Amino acid sequence: MQYFSLQDKQHRVSFEQAVVQGLAPDKGLYFPDHIPALEKDLVDFLENYDDFDIAYRAIQPFVGDEIPAAVLQQIIQDTLSFPFPLHPVEKDVYALELFHGPTLAFKDVGARFMAGCLGYFRRNDVRPVTVLVATSGDTGGAVAHGFHHVPGVKVVILYPAGKVSTLQEKQLTTLNGNITALEIAGTFDDCQRMVKTAFLDAELQQQCLLTSANSINVARWLPQMFYYLLAAKQLKMAGANPDLVFSVPSGNFGNICAGMMAAAMGLPVKHFIASTNVNDTVPRFMQSGRYEPHPAQPTLSNAMDVADPSNFVRILQLVSNSLPGLQQKMSSSSFTDQQTLAVMEQVWQAHDYMLDPHGAVGYLGLKQYMQQHSSVTGVFLETAHPVKFADTAPESLREAIHVPERVQALYALPKNAVPLPNDYASLKAWMMQHN
Ligand SMILES: *Cc1c(COP(=O)(O)O)cnc(C)c1O
């Protein structure tokens, strides 16, 4: 498989180059040069295949012969080392729980897969590669955990001071070793801008070999299709109505774009719903056809506080840049913090199920859609464990939040972060000095 830059279709690279570079030199996102079809037998009889085999068959065409089969299988085993259960919340409504990994959010999947690929590609290199990543909260922990102790890889994470939750900060700042957290006096968008500037800085690139682990990296983006397939398999085994609708709480739009890729490959999905918080650039675009980002606003679902979602250009590419084509496959709605808190309380009281603020936005989008389309099977992605957002949960839920054993010890560990001002010069100086 070759990948082309969405800025310049003539610029083509291998899977390895796409993974190692992250972003094309012209700043375009990489996109596969064709969309492979899932085998018909796999689509028709998902229930006959084991989870690892499903994942392997879905991802292998994107990797080609650049990673040997046995290595790729091992990477998939490491990636899917935790369950992806579907929790029935009410009639025809399921939560696809993506938070059973080490850092309690779906980003573990992409981060672990990418760490496996990068570790393989760098296996013979003496020069270490630095993974530079900006996080609004969950990416950093997942990337840090995925790359912890991977030989030849250093990780530098930028996070906005005071804008991530207690547990998120602990996940970023307590691993140490090959992981460094930089606490930036700014917003997520500031962090992202600094990272993007670093990737364009030739002088810095001479000093350190940089790569990105944001969801723009194809090795983080594509494996997210796995759990859409695994959800379809579980629903088929349960005998659910096959008209599947996925509602995806969306920020940078990588997760939903992976689901739409699985559908483009042949997974039968009736419709996708991109549910957002008040950072509603895409819902407004779906209405007006005009893409006009406003400055990002902080919300309770902080991992979705993204004004200008990077992966949206990939979604447009999937529908050949046709707005009517997109409207057929995807709708998009935005919800306020007030609606989010209210539905968290309501679902807890009525269905004894605890949502986190991101899952709550997904649930809201799904319910709104199902008011008009009743005979479907609705799945919303529960993208994080509620404990990650315990600080801001409604009072009535907070007491009942269960802290999973695998993160209990984190709370007692000391935070280790480097505070930096909100300007690129400071980041560069730090990077030059600590290479
Ligand atoms: C990152 C994140 C999202 C948004 O996912 P995108 O792929 O950026 O759209 C949603 N929920 C949680 C919990 C996240 O960490």
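Reader: Hello! Why is helix H13 (residues 281-288) described as largely enclosed by the rest of the structure?
Author: The reason lies in how many of its residues are buried (under 20% relative accessible area with a 1.4 Å probe, protein chains only; exposed is over 50% and partly exposed lies in between). Helices are DSSP runs of H or I with at least four residues, strands are runs of E with at least two, and both are numbered from the N terminus. H13 is largely enclosed because its buried residues number 6 of 8.

Reader: Before we go on, what kind of model am I looking at?
Author: Residues are numbered from 1 along each chain as its sequence is written, and side-chain values use heavy atoms, with hydrogens and water left out. Local features need pLDDT of at least 70 and side-chain atom pairs count only at pLDDT 80 or more, while totals for chains, interfaces and linings use all residues, since the model is predicted.

Reader: Thanks! Which elements help to cover the buried residues of H13?
Author: The residues to be covered are Thr281, Val282, Pro283, Arg284, Phe285 and Met286. Just after the helix, Gly289 takes a positive phi of about 80°. Contact here means heavy atoms within 4.5 Å. The cover includes strand S11 (271-276), H14, helix H15 (323-329) and strand S12 (330-334).

Reader: Phe253 caught my eye. Which residues does Phe253 touch, leaving out those up to four places away in sequence?
Author: Phe253 is found in the loop between strand S10 (244-249) and helix H12 (254-264), and at 3% relative accessibility it counts as buried. Its C-alpha atom is 7.1 Å from that of Ser310, although the two residues are 57 residues apart along the chain. Not counting residues up to four places away, Phe253 touches Ala274, Thr276, Val282, Pro309, Asn311, Phe312 and Ile315.

Reader: Which helix gives the most residues to the largest nonpolar core?
Author: A nonpolar core is a set of buried Ala, Val, Leu, Ile, Met, Phe, Trp, Tyr and Cys residues joined through side-chain atoms within 4.5 Å. The largest one here has 105 residues, and those with the most contacts inside it are Tyr3, Phe15, Phe147, Met225, Phe246, Leu326 and Met330. With 9 residues from its span 107-121, the helix that gives the most is H5.

Reader: How many residues are in the other core, which lies apart from that one?
Author: Leu355, Val361, Tyr369 and Ala390 are among its members. That second core lies apart from the largest one, and its count of residues is 32.

Reader: Back to H5: is Lys107 buried or exposed?
Author: Lys107 is found in helix H5, and an unreviewed UniProt entry annotates it as "modified residue: N6-(pyridoxal phosphate)lysine"; such annotations use the numbering given here with shortened feature names, and may be inferred rather than shown by experiment. Beyond residues up to four places away, Lys107 touches Asp138, Thr139, Ala142, Arg220 and Ala303. At 12% relative accessibility, Lys107 counts as buried.

Reader: What volume does the largest cavity have?
Author: On a 1 Å grid over the protein atoms alone, a cavity is a set of points where a 1.4 Å probe fits but cannot get out, and a pocket is an open set with protein on both sides within 12 Å along at least five of seven lines; lining residues have an atom within 4 Å of a point. Grid points are joined across faces, edges and corners, and a volume is the space filled by probe spheres set on the points. Of the 26 residues that line the largest cavity, Phe106, Lys107, Gly251, Asn252 and Ala303 lie nearest its centre. The space in this cavity is about 290 Å³.

Reader: And which residues lie nearest the centre of the largest pocket?
Author: The largest pocket has a volume of about 620 Å³. Helix H8 (188-199) and helix H14 (312-318) are the elements that give two or more residues to its lining. Among its 26 lining residues, those nearest the centre are Leu29, Lys196, Asp308, Pro309 and Ser310.

Reader: Last one: how many disulfides does a search of the whole structure find?
Author: A disulfide is a pair of cysteine sulfur atoms within 2.5 Å. The sulfur of Cys191 is too far for a bond, because the closest cysteine sulfur, in Cys208, is 18 Å away. Cys191 is also buried, with a relative accessible area of 0%. The number of disulfides found in the whole structure is 0.
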